[in-house]
Amino acid sequence: MKNLLLMRHATAADKTIGQKDFDREITLFGQRQAGEAGLWLKGQSLLPELILCSPSVRTQMTLENMLEQMEHKVPVQLEHDIYYSSEHDLLTLLHGVKDEVDTLLIVGHNPTISFFASSLAHEEVSFNTATIAHLHFNGFSWENLRAGTCKLHYLYQEQPARF
């Protein structure tokens, strides 16, 4: 069985005048979100063997903060297709992942990441910032990944603070 981890980037700062969406950074709150997500992955022993990440500033910052807390070295590929993608593009990208990879993490953007997770699991999966969908895929090869071939095992979302 393969583990597919789909993550939406952490909370990003609002776009400033003249700034490109691609260049938006995550906030201090977003840094905390990403770190907590990394701690959750570590606590679940869900350490990816490969990470595919959008090259946007906010996704890379999310990943950096996660990895710092996970204390886990892993190959990272920046993939432009994740930033500009459709669900079909993400599926095509995953079909190229080597079969030896059993736990794969994708760090991307809404609405595509949510649509993709929903399509794979054949149920609605909603993503807030820093949400991780843990999907189980029973295929041997990522090439066999299709709509409806995964089961949503867990949806990690930050717990709101209680006062």
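Here is a walk through the aromatic pairs in this predicted model.

Start with the tally: the structure holds five aromatic pairs. A good one to look at is Phe22 with Tyr83. Their ring centres sit 5.0 Å apart and their planes meet at 80 degrees, so this pair is edge-to-face; the cut-off for that label is over 60 degrees.

Where do Phe22 and Tyr83 lie in the chain? Phe22 is in the loop between strand E1 (2-8) and helix H1 (28-43), while Tyr83 belongs to helix H3 (residues 80-83). Those spots are 61 residues apart in sequence, so the pair ties the two parts together.

Now for the surroundings of each ring. Phe22 has a relative accessible area of 21%, which makes it partly exposed. Tyr83 comes in at 18% and counts as buried, because buried means under 20%. Phe22 and Tyr83 also have company: together with Tyr84 they make up one aromatic cluster.

Next, swing over to Trp40 and Tyr154. This aromatic pair is stacked, with 5.5 Å from centre to centre and 20 degrees between the planes. Here too, distant parts of the chain are linked: Trp40 is in helix H1 and Tyr154 is in strand E6 (residues 150-156), 114 residues apart.

Is each partner in this stack buried or partly exposed? Trp40 is buried, at 14% relative accessible area, whereas Tyr154 is partly exposed, at 41%.

How values were computed. Residues numbered from 1 in each chain as written. Predicted model: local features only at pLDDT ≥ 70, side-chain atom pairs only at ≥ 80, totals over all residues. Heavy atoms only, no water. Phe/Tyr/Trp six-rings, centres within 6.5 Å; stacked < 30°, edge-to-face > 60°. Helix = DSSP H or I, 4+ residues; strand = E, 2+ residues; numbered from the N terminus. Buried < 20%, exposed > 50% of the residue type's maximum accessible area, 1.4 Å probe, protein only.
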